[in-house]
Amino acid sequence: MPMTATVNFPGLRRITPTKLKLRTPVPSDIEIAQEAELKPITQIAEEVGLLPEELELHGSHMAKVRLNVLERLVDVPDGKYIDVTAITPTPLGEGKSTTMMGLSQALGAVLGKRVFTCIRQPSQGPTFGIKGGAAGGGYSQVVPMEDFNLHLTGDIHAITAANNLLAAAIDARIFHESKQPDDEKLFNALCPAGKDGSRRFSPSMLRRLKRLGIDKTNPN
């Protein structure tokens, strides 16, 4: 959620954005994020009109919204959509994320509009690269910042595991079928000859052969 100053929303359900703790000089991004007072995600959901059964909680400050909320709100008029993209960052690192968070804060806290900020979950490339994160910066950033950059709801890790599994399967297939088309070369790679010229199955190979119902123990 964006961190914003406290303001009343006349004519709408009361929403109280988080009050900023402005300091001079401006501290680092992580100091600002760790000093922020976070509202429980259940309170935020109640303020914006979501029902408890429409949430899938991930701790006290994060949650997924179930898609069946679209059925309940099917007759609600669509809001206006603002797309922030393709911005070259300033030397201080103010780019798309910082601009988007600042814009959301201005619309919500200053102008009193009802604003929902949709931002992509960062991969760990920018987090562990030169940028050091992808949550915006300064007083215009996503909090909890560490969770957003590293884990969030765990989806990015599931995607990573699936990607690694597919890459390993493809790599193994290329090795076995393309790089080693000759059965003799493949056998030499799997069961190489020792210094005396003889071959021996390793203990793990023998266990695998036994599970497969193969009683051969001598590869020579």
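Begin by selecting Lys64, which is partly exposed, with a relative accessible area of 27%. The model on screen is a predicted one, and the values quoted along this tour are computed from it. Keep Lys64 displayed and add Asp155, since the two form a salt bridge in which the closest N and O atoms are 3.0 Å apart. Asp155 lies in helix 7 whereas Lys64 lies in strand 2 (residues 63–65), so the pair ties together parts of the chain that are 91 residues apart in sequence. Asp155 is also partly exposed, at 33% relative accessibility.

**Around Glu54**

With Lys64 still selected, bring in Glu54, which sits in the loop between helix 2 and strand 1. Is this residue buried or exposed? Glu54 is buried, because its relative accessible area is 4%, and the cut-off for that class is under 20%. When its neighbours within four places in sequence are left aside, Glu54 is in contact with Lys64, Val65, Arg66, Asn68, Val69 and Arg72, and showing these residues as sticks lets you inspect that surrounding set.

**Helix 2**

Move next to helix 2 (residues 41–48), and colour its buried residues, which are Ile41, Ile44, Ala45 and Glu47. Viewed down the axis of helix 2, these buried residues fall within an arc of 160°, so they line one face of the helix. An α-helix has 3.6 residues a turn, so residues three or four places apart point the same way. The elements against which the buried residues of helix 2 pack are strand 1 (55–57) and strand 2. Glu47 deserves a selection of its own together with Lys39, as their side chains meet in a salt bridge with an N to O distance of 2.8 Å, and both Lys39 and Glu47 are buried. At the end of the helix, select Gly49, which follows helix 2 and has a positive phi, near 95°.

**The segment before helix 1**

Go back along the chain to Arg23 and Glu35, another salt-bridged pair, whose closest N and O atoms are 2.5 Å apart. This pair links distant parts of the chain, with Glu35 in helix 1 (residues 29–35) and Arg23 in the segment before helix 1, 12 residues apart. Both ends are partly exposed: Glu35 has a relative accessible area of 33%, and Arg23 has one of 35%. The pairs visited so far belong to a total of 7 salt bridges.

While you are in this region, select Thr24 and Pro25, and check the peptide bond between them, which is cis, with omega near -5°. Pro25 lies in the segment before helix 1.

**Backbone features further along**

A second cis peptide bond can be inspected from Val143 to Pro144, where omega is near 0°. Pro144 is placed in the loop between strand 4 (140–141) and helix 6. From there, step to Leu152, in the loop between helix 6 and helix 7, which has a positive phi of about 55° although it is not a glycine. Most residues other than glycine have a negative phi, and most peptide bonds are trans. Leu152 is partly exposed, with a relative accessible area of 21%.

Between these two stops lies Asn149, found in helix 6 (residues 145–150). Asn149 counts as buried, at 4% relative accessibility. Not counting residues up to four places away in sequence, Asn149 touches Pro122, Thr127, Gly133, Ala134 and Ala135.

**The surface of helix 7**

Switch to a surface representation and select Leu166, Ile170 and Ile174, which make a nonpolar surface patch of about 290 Å². Ile170 is found in helix 7 (residues 155–179), and at 52% relative accessibility Ile170 counts as exposed.

**Cysteines and Ser104**

For the last stop, select Cys118 and Cys191. Which of them is buried and which is exposed? Cys118 counts as exposed, at 68% relative accessibility, whereas Cys191 is buried, with a relative accessible area of 3%. A search of the whole structure finds 0 disulfides. Finally, add Ser104, a buried residue with a relative accessible area of 8%, found in helix 4 (residues 96–110). Ser104 and Cys118 are 14 residues apart in sequence, and their C-alpha atoms are 10.0 Å apart in space.

Note on methods:
Residues numbered from 1 in each chain as written. Predicted model: local features only at pLDDT ≥ 70, side-chain atom pairs only at ≥ 80, totals over all residues. Heavy atoms only, no water. Disulfide = S-S within 2.5 Å. Buried < 20%, exposed > 50% of the residue type's maximum accessible area, 1.4 Å probe, protein only. Helix = DSSP H or I, 4+ residues; strand = E, 2+ residues; numbered from the N terminus. Contact = heavy atoms within 4.5 Å. Patch = residues over 30% accessible without salt bridge, like charges linked within 9 Å, V, L, I, M, F, W, Y side chains within 5 Å. Areas by Shrake-Rupley, 256 points an atom, 1.4 Å probe, with all protein chains shown as cover. Salt bridge = Lys/Arg side-chain N within 4 Å of Asp/Glu carboxyl O. Arc of directions from axis to C-beta.
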